[in-house]
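Hi,

Here's the structure I promised to pass along. Have a look first, and my notes follow below.

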Amino acid sequence: MTALLSIRDLSVRYRRDGAEVAALNGVSLEVEAGERLAIIGESGSGKSTLALAIAGLLARSAKIGGTIEWSAGQLQSSHSFKTSAGPLLGRDIGFVFQDPSSSLDPVMTVGKQIAEVVNTHLGLGWSQSLARAKTLVERVRLPDPQAALRAYPHQLSGGQKQRVAIAAAIATAPKLLIADEATSALDTIVQAEIVALIRRLVAEDGMTLIFISHDIALAATLAERIAVLRHGELVEVGATEKIINAPRQAYTRALLDAHLGLDAEPLLDRQGALT
Ligand SMILES: Nc1ncnc2c1ncn2[C@@H]1O[C@H](COP(=O)(O)OP(=O)(O)OP(=O)(O)O)[C@@H](O)[C@H]1O
Ligand SMILES: [Mg+2]
């Protein structure tokens, strides 16, 4: 496999109340093309900072060290990018945030906002963009796709809104999908449905997935590999089965204990159980 993304010695510092907060410290990680990687860690460990750095979405005031190299297949030679890597996001990278209400435009219909993503990033004409929006709404299995296209976000449930946000994120057939706590605000059943949806779309499109969660058990149902962040440092990276069955770090074990309280076997059996 080839690396889609090579992160080397990445450090991010924020300024807060006159002091510097080290959100990431010397993080190095390769993300292989086509893999499903989970990044887990407790609140404040730097997960979102890492996701935003990859997507080029960090605040301008953030101080960034190290490199992130993006190798978009054989088409382009790889290049390094820093904070404002505008060209990648939205076309090559799809991003799903925790709260669909804040990522969706409340005054624009679902159909229009998905079409706008297509129109902006792929340059398709408006009617083609609308047609693509319809296909996308069908792909994320919104009930009654026609009605969904005409709906405003507030007319949809939390799970349905997240389906719309996912449709918008994959609208340009990105190579990489980043889901940052994309299911954390949902109840358990809807969470499982959204995880299943992400799994299906990633498989269908051959996307690379970075799934970010504080919930290692949930991450294990989706990811082939797990990277564990603690206080801005990568403390453990490995195959999901290894991390679950034989975590090397006490911190990883503590995360497992916090979320499991059960054997790893049934957990791993859940992989692929939902489609
Ligand atoms: N814009 C910002 N300005 C100042 N400090 C920030 C900013 N964003 C994050 N931080 C700080 O950086 C650290 C890492 O935050 P980050 O949001 O990356 O963690 P996280 O793992 O995503 O947490 P959560 O699980 O709560 O989403 C925390 O100490 C946080 O308070
Ligand atoms: Mg976060």
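Leaving out residues up to four places away in sequence, which residues does Ala148 touch? Keep in mind that this is a predicted model. The contacts of Ala148 are Val110, Val137, Leu142 and Pro143. Val110 sits 38 residues from Ala148 along the chain, yet their C-alpha atoms are separated by 6.7 Å. Ala148 itself belongs to helix 5, which spans residues 145–150. Its relative accessible area is 4%, and since the cut-off for buried is under 20%, Ala148 counts as buried.

Next, helix 1. This one runs over residues 47–55, and 7 of its 9 residues are buried, so the helix is largely enclosed by the rest of the structure. If you want to click through them, the buried ones are Lys47, Thr49, Leu50, Ala51, Ala53, Ile54 and Ala55. Note that a lysine, Lys47, is on that list. Right after helix 1 comes Gly56, with a positive phi near 70°.

Now the overall picture. The protein has 11 helices and 10 strands. It has 275 residues, and 49% of them count as buried. As for the contacts between residues at least 6 apart in sequence, 67% join residues at least 24 apart; the pair Ala148 and Val110, at 38 residues apart, is one you can look up in the model. On the outside, the protein exposes about 12700 Å², with carbon and sulfur atoms supplying 50% of that area.

That's what I have for now. Shout if you'd like to go through any of it together.

Cheers

Technical notes: Residues numbered from 1 in each chain as written. Chains lettered and ligands numbered in written order. Predicted model: local features only at pLDDT ≥ 70, side-chain atom pairs only at ≥ 80, totals over all residues. Heavy atoms only, no water. Helix = DSSP H or I, 4+ residues; strand = E, 2+ residues; numbered from the N terminus. Buried < 20%, exposed > 50% of the residue type's maximum accessible area, 1.4 Å probe, protein only. Contact = heavy atoms within 4.5 Å. Areas by Shrake-Rupley, 256 points an atom, 1.4 Å probe, with all protein chains shown as cover.
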